[in-house]
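This report describes a protein and the ligand placed with it. Please look over the sequence and the structure before reading on.

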Amino acid sequence: MQAAASNIEDFNPDVPYKLDRNLALEMVRVTEAAAVACSKWIGMGDSDAADQAAVDAMRTALNSIDVTGTVVIGEGERDQAPMLYIGEKVGLGSGPVVDIALDPLEGTSICAKAAPNALAVVAMAEEGGFLNAPDVYMDKIAVGPGLPEGVIALENSTEANLKNVAKAKGVDVSDLLVVVLERDRHSKLVADLRQAGARVQLIGDGDVAGIIAATRPETGVDMYMGIGGAPEGVLAAAALACVGGQMQGRLIFEQSGEGDQTIDDAQKENARRMGITDLNRVYTRKELARGDVMFSATGVTSGWMLDGVRRYPGGATTHSLVTRTRTGTARFVHTEHNFRIKKEV
Ligand code: VTB
């Protein structure tokens, strides 16, 4: 019998899989549970309550699946987050040993405002499969699959990236739609994009959805660019590890404390503690999420790819994307949840 994969530099189809395919479907239940729980708070203007509902439900669901899991991308450091903190052990403690990246409610404020693209997200990988990213910012650039390797690079100018992607896609720069978070810090990026002739879609939050959107032709999105959360960068890379696409990310410390040097220094120190030696390193998709990866996202509010939770008397429907590197299959799962039936067993 062949030995199990001893390194996780990248996914190797010839090696027997460690993460059973059924686990991917268990993961849908986890993101569905979080999405349904926080759906009560859609449009209620209370992002903390929405987040708490999602966290509680996700933790309960995770703890009922057959894994020995460690949260590596979670709700924060142990002293800040009582649940699903970095380092928390989750799962039944049987089954495969996995690292877990999660965001029970990616886009708490969009959920509070009933704006589009809030998601419940979970990704799993073999131990060591995710970059243990600190909770700082990350400069990101991403495109979908099917383009030549190296078509995008953070070190390139905005114009060069646009030209390279347009050429690879056989379109004009003016045909490209680039998603960017609407933030003051992006005023130069947005000006440069428009100056070069590209179209820009500004989003309030939710850059995990923004990056996944670039992988799906039906969204019309060609690229994602700009600075968002580093943990969200790892989650997006996990999705791309499964469905394909390229991404680069670089941790950003200067903007974290809005000019407060003490905060920036503390964050750098924290990053070093988490094993980041080169603070300026440009991470590729494979360095952010590698090996046998599984990813599940359930729509909380409707967006590019997923319908949001629809609640009705006695139940709710959810819409999820579940995918894994092993096959690259993207499964869209529509589920009807029946709140009334609690079967006797
Ligand atoms: C982005 C956004 C996320 O964090 O990553 C953002 O896509 C970055 O932080 O949905 P700022 O809001 O400080 O710019 C989120 O909003 C998640 O909190």
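Which domains does the domain assignment of the protein give? The model is a predicted one, and its assignment lists domain 1, made of 8–130 + 292–338, and domain 2, made of 137–288. Between the C-alpha centres of domain 1 and domain 2 there are 22 Å. Their contact involves 28 residues from domain 1 and 30 residues from domain 2.

The ligand comes next. The largest pocket is where the ligand sits. Around the ligand are Glu106, Gly107, Tyr137, Leu181, Arg183, Arg185, Asp205, Gly206, Asp207, Gly228, Gly229 and Glu232. Sorted by class, this shell holds six charged, four polar and two nonpolar residues.

Some of these residues make polar contacts with oxygen atoms of the ligand, as tabulated here.

| Residue | Atom of the residue | Distance to a ligand oxygen atom |
|---|---|---|
| Glu106 | polar side-chain atom | 2.9 Å |
| Gly206 | polar backbone atom | 2.9 Å |
| Asp207 | backbone N or O atom | 2.6 Å |

On its own, the ligand has 410 Å² of accessible area, and the protein covers 74% of that area.

In short, the ligand occupies the largest pocket, and Glu106 contributes a side-chain atom to the contacts, whereas Gly206 contributes a backbone atom, as does Asp207.

Notes. Residues are numbered from 1 along each chain as its sequence is written. This is a predicted model: local features need pLDDT of at least 70, side-chain atom pairs count only at pLDDT 80 or more; totals for chains, interfaces and linings use all residues. Side-chain values use heavy atoms; hydrogens and water are left out. A residue is near a molecule or strand if one of its heavy atoms lies within 4 Å of it. A polar contact is a pair of N or O atoms within 3.5 Å; within protein, one must be able to donate a hydrogen and the other to accept it, and residues adjacent in sequence count only if both atoms are side-chain atoms. Accessible areas come from the Shrake-Rupley method with a 1.4 Å probe; for residues, only the protein chains shown count as cover. On a 1 Å grid over the protein atoms alone, a cavity is a set of points where a 1.4 Å probe fits but cannot get out, and a pocket is an open set with protein on both sides within 12 Å along at least five of seven lines; lining residues have an atom within 4 Å of a point. A molecule sits in a cavity or pocket if more than half of its atoms lie within 2 Å of its grid points. Ala, Val, Leu, Ile, Met, Phe, Trp, Tyr, Cys and Pro count as nonpolar, Asp, Glu, Lys and Arg as charged, and the others, Gly among them, as polar. Domain bounds come from an automatic or database domain assignment. Contact means heavy atoms within 4.5 Å.
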